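Me: I should like a close look at a single part of this protein, explained in connected prose for a first-year student. Please set that part within the whole before turning to other places in the chain.

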Amino acid sequence: MHLVEMLRLRMVPAAGVYFALTRRCPLSCAHCSTESSLSSEQYGDEPFRRIVDSFTPDCRPEVIGMSGGEALLRASLVRDLAEAARRVGTRALAMSGMYFARTGEGITPALRRAIESLDHLTASYDRFHEREVPRRDMFRALHQVRELVPGVSMQLTGEGPDDPYLVELIEDVRREFADEVPMLVTTLASVGRAREWFTTDAAPVPAAGVEPCFQASWPLVGYDGTVLACPSRHAAAPHRPAHLVLGDSAVDSWPVLRQRALTTHLLRGVRMFGPLELRRRFGAGDGTGNYCGTCSRLGDSAELDVEVTRFLESPKGRALEAAALAVTKHAGDQAYLGTYGVAAHRELATLGWR
Ligand code: SF4
């Protein structure tokens, strides 16, 4: 599975689901968005297994995405979920900080079985990871991983398109893997541990009020088992507005979660217009303000919910939503990259795509 395929599916509501398997991580990167450590929390196995077991050939996501912390710390769970998902036709991907590259023990048998079960592995790397995992070790491990998984990509984070470290790293990766490893290049955000020392105007989500929110397409099962409509760190904050909470992984099945993801009116509105424009059209907003901050307060207004519901259930609203979904699906990977990637490095996502 290539990064391009993954990004195309990322634009489609409920085409995938993220599992935050653990918040634990053996690395201590200075920018860690989840502020992970080896003593961070993780949820039990059973709810993740239950959700995958509730997939059927007719009602399943196309992809499960397993993240952390460091997802591969739960190697046997990764393998079991990937294998169970594959039995009904769902593919599996995982994100890793490549911690095993630095240990000197390499890929253990359990890790190998987990990695072999995947359709895609994304390795996160940047100057903060490099302090934890030397680049040559990471490259060596990634060559081994490429022998085990059909699709491998890298997610590189820099402090802007001209960040000298980022530019040099990109060139090095291209050389090392002969342009066969695609890269998603993103900008460092002032969240998690980076909040203490990095400030920027750049937001990890669209800044313009008229922009739809693509983050709200795939649900996330969080560290405490809550199923959130939005995998963004903003929604994972302690204040969890009702329209961004889809359910509880301990009791809800995939058909139930999917149905809520596709029918919650405020969520549909956020995906279609973005929160600022949604409030401007149907509430008292003027189209300005903080993007995610506005989203988290949309449920405060009962009138807004009524107006959004009225619109989305009207023939005009349904037609507009269908057209918006079709455009989004068609725009696919380029729309995602245009919103969340670094524009100057957008073409790197297509390396090796045939
Ligand atoms: S606008 Fe809402 S759904 Fe979108 S990323 Fe922000 S909090 Fe999540």
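Reply: The account below begins with the loop between α1 and β1, then places this loop in the whole protein and turns to other local features.

The model is predicted. The loop in question lies between helix α1, residues 3-10, and strand β1, residues 16-20. Two of the residues found there are Ala14 and Ala15.

Ala14 deserves attention for its backbone. Most residues other than glycine have a negative phi. Ala14, however, has a positive phi of about 65°, although it is not a glycine. Is Ala14 buried or exposed? Its relative accessibility is 6%, and because the cut-off for a buried residue is under 20%, Ala14 counts as buried.

Ala15 also counts as buried, at 8% relative accessibility. Which residues does Ala15 touch, once its neighbours within four places in sequence are left aside? Ala15 is in contact with Leu9, Pro61, Glu62, Val63 and Trp218. Of these, Leu9 is one of the buried residues of α1, and Val63 belongs to strand β2, which covers residues 63-67. A further pair gives a sense of distance: Ala15 and Glu277 are 262 residues apart in sequence, and their C-alpha atoms are 25 Å apart in space.

The helix that precedes this loop is mostly covered, for six of the eight residues of α1 are buried. They are Leu3, Val4, Met6, Leu7, Leu9 and Arg10. The list includes an arginine, Arg10, as well as residues such as Leu3 and Val4.

How does this part fit into the whole? The protein comprises 13 helices and nine strands. Its radius of gyration is 20 Å, close to the 20 Å that the globule rule gives for 354 residues, so the protein is as compact as a globular protein of that length. Along the principal axes, the C-alpha trace spans about 60 × 45 × 40 Å. Of the 354 residues, 54% count as buried. Among contacts with a separation of 6 or more, 75% are between residues 24 or more positions apart. The protein exposes about 14,900 Å², of which carbon and sulfur atoms supply 51%. As for charge, there are 41 positive and 44 negative side chains, and the centres of the two sets lie 3 Å apart.

A second positive phi occurs in the loop between β3, residues 91-96, and α4. There Met98 has a phi of about 60°, although Met98 is not a glycine. Met98 is buried, with a relative accessible area of 0%.

Helix α4, residues 109-116, has Leu111, Ala114 and Ile115 buried. These residues cover an arc of only 95° around the axis, which puts them on the same side of α4. What do the buried residues of α4 pack against? Their partners are α3 (75-87), β4 (120-125) and α6 (135-148).

The loop between β2 and α3 contains Gly69. Most peptide bonds are trans. The bond that joins Gly68 and Gly69, by contrast, is a cis peptide bond, with omega of about 15°.

Helix α10, residues 275-282, offers another example of packing. Its buried residues are Pro275, Leu276, Glu277, Leu278 and Phe282; Glu277 is the residue whose separation from Ala15 was given above. The buried residues of α10 pack against α9 (265-273), α11 (291-296) and α12 (302-312).

Two charged residues complete the picture. Arg50 is found in helix α2, residues 45-53, and counts as partly exposed at 28% relative accessibility. Leaving aside neighbours within four places in sequence, Arg50 is in contact with Ser249, Ala250, Val251, Asp252 and Ser253. The C-alpha atoms of Arg50 and Gly287 are separated by 41 Å, the two residues being 237 apart along the chain.

Glu171 has its place in helix α7, residues 164-176. At 44% relative accessibility, Glu171 counts as partly exposed. Glu171 and Arg279 are 108 residues apart along the chain, and their C-alpha atoms are separated by 43 Å.

To return to the loop first examined, Ala14 joins a positive phi to a buried position, while Ala15 is likewise buried and is in contact with residues that include Pro61 and Trp218.

Technical notes
Residues are numbered from 1 along each chain as its sequence is written. This is a predicted model: local features need pLDDT of at least 70, side-chain atom pairs count only at pLDDT 80 or more; totals for chains, interfaces and linings use all residues. Side-chain values use heavy atoms; hydrogens and water are left out. Buried means under 20% relative accessible area, exposed over 50%, partly exposed in between (1.4 Å probe, protein chains only). Helices (H or I, at least four residues) and strands (E, at least two) are DSSP runs, numbered from the N terminus. The arc is that of the directions from the helix axis to the C-beta atoms. Contact means heavy atoms within 4.5 Å. The radius of gyration is taken over C-alpha atoms; the globule rule is 2.2 Å times the number of residues to the power 0.38. Accessible areas come from the Shrake-Rupley method with a 1.4 Å probe; for residues, only the protein chains shown count as cover. Lys and Arg count as positive and Asp and Glu as negative; His and the chain ends are not counted. The place of a charge is taken as NZ of Lys, CZ of Arg, CG of Asp or CD of Glu.
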